[in-house]
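Reader: I'd love a close look at one part of this protein, the charged pairing that involves a covered arginine. Could you start there and then work outwards to what surrounds it?

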Amino acid sequence: MNPEARRITGLILAGGAGRRVGGRDKGALSWQGRPLVEHVASRLRPQVGELWISYNRNAHLYATLGDRLFKDHLPGFEGPLAGVAAAGSAVSSEFLLLSACDTPALPTDLARRLLGPMGDARMQLAVAFDGEREQYLAALLRSESLTSLQSYLQRGERSVRGWYATLRRERVDFSDCAQAFRNINHLEQA
């Protein structure tokens, strides 16, 4: 295992309501003959010490891929931050690498590149930038920054971008592989 990987816990966010795919569990949708989440897990596994999955359905599928599973504490599919919060208190590694379950072509060097700006101990977050927009769910968080998430959620806030705005952060250029962040948002894509 890469020594850097031991410093990182990966978290695949697979607890969404699947509104764009008819209410189905996106991570379980088949893409190129395998569930989307399986593609994501195979990309992330070599980059992290442990691979966790936040989910709300299909525990049997996710249990075959993740070292640990976390179910949202907030009822009603409250968004990706609910998944981060569910796992956040269990993180003991220095960093938490986030990924959505519907981005099957993630860069195989995502963690390494996001670690770059985290050499500055004051930095709390590194987020991938595809040349056009920040990919909020392809991000590396310093684990100690997770403490602010609970109070953010308790105020009724749910915006990933809003919470990130409260953190010291750097965006990392991935414009050389922007297609790696293409997510599957419609049944006809799967």
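Author: Happy to. In this predicted model, Arg 113 is buried, with a relative accessible area of 17%. That figure falls within the buried class because the cut-off for buried is under 20%. Its partner has another setting: Asp 176 is exposed, at 59% relative accessibility. Arg 113 and Asp 176 form a salt bridge in which the closest N and O atoms are 2.7 Å apart. Arg 113 belongs to helix H4, while Asp 176 sits in the segment after strand E9 (169–173), so the pair ties together parts that are 63 residues apart in sequence. The two are not on their own, either: a network of salt bridges links Asp 109, Arg 112, Arg 113 and Asp 176. As for the general background, side chains of opposite charge can pair when their charged atoms come close.

The count of salt bridges comes to 11, and two others are useful to set beside this one. Asp 67 and Arg 45 meet through their side chains at 3.0 Å, N to O. Here Asp 67 lies in the loop between H2 and strand E5 (68–71) and Arg 45 in the loop between H1 and E4, so this pair ties together parts that are 22 residues apart in sequence. Asp 67 is partly exposed at 41% relative accessibility, and Arg 45 is partly exposed at 35%. The other example joins the side chains of Glu 38 and Arg 34, at 3.5 Å from N to O. Glu 38 has a relative accessible area of 26% and counts as partly exposed; Arg 34, at 30%, is partly exposed as well.

Back to helix H4, which also takes part in the nonpolar interior. H4 (110–115) is one of the elements that each supply at least two residues to the largest nonpolar core; strands E1 (8–14), E4 (50–55), E6 (95–100), E7 (125–129) and E8 (134–142) do so too, as do helices H1 (36–44) and H2 (59–63). This core holds 32 residues, and the members that touch the most others are Ile 12, Leu 97 and Leu 110. Leu 97 shows how many parts meet there: beyond its neighbours within four places in sequence, its contacts include Ile 8 and Leu 11, Leu 44 and Val 48, Leu 110, Ala 111 and Leu 114, and Ala 139 and Leu 140. In general, nonpolar side chains in soluble globular proteins tend to be buried together.

Strand E7, one of those contributors, deserves a stop of its own. Its residues are mostly covered, with 5 of 5 buried. Leu 125, Val 127 and Phe 129 point one way, Ala 126 and Ala 128 the other way, and all are buried. That fits the general pattern for a regular strand, in which side chains alternate between the two faces of the sheet. E7 runs antiparallel to E8, joined by 5 bridges, and Ala 126 stands opposite Leu 140 in E8. The two strands make a hairpin with 4 residues between them, and Gly 131 in the turn has a positive phi of about 100°. With E9, E7 pairs in the parallel sense over 5 bridges, and there the bridge partner of Ala 126 is Glu 170. E9 is also the strand that comes before the segment holding Asp 176, which brings us back to the salt bridge with Arg 113.

There is also a second, separate core, of 24 residues, with Ala 86, Ala 139, Tyr 152 and Trp 163 among them. Tyr 152 leads on to helix H5 (residues 147–154), where Leu 149, Tyr 152 and Leu 153 are buried. These three cover an arc of only 95° around the axis, which puts them on the same side of H5. On the other side, Thr 147 and Gln 154 are exposed. The cover over the buried residues of H5 includes helix H3 (80–88) and helix H6 (160–164). Just after H5, Gly 156 takes a positive phi of about 90°.

Finally, some context for the whole protein. It has 6 helices and 9 strands, and 51% of its 190 residues count as buried. Among contacts between residues at least 6 apart in sequence, 69% join residues at least 24 apart. The accessible surface comes to about 8800 Å², with 46% of it belonging to carbon and sulfur atoms.

How values were computed. Residues numbered from 1 in each chain as written. Predicted model: local features only at pLDDT ≥ 70, side-chain atom pairs only at ≥ 80, totals over all residues. Heavy atoms only, no water. Core = buried A, V, L, I, M, F, W, Y, C linked by side-chain atoms within 4.5 Å. Buried < 20%, exposed > 50% of the residue type's maximum accessible area, 1.4 Å probe, protein only. Contact = heavy atoms within 4.5 Å. Arc of directions from axis to C-beta. Salt bridge = Lys/Arg side-chain N within 4 Å of Asp/Glu carboxyl O. Pairing = 2+ DSSP bridges. Areas by Shrake-Rupley, 256 points an atom, 1.4 Å probe, with all protein chains shown as cover.
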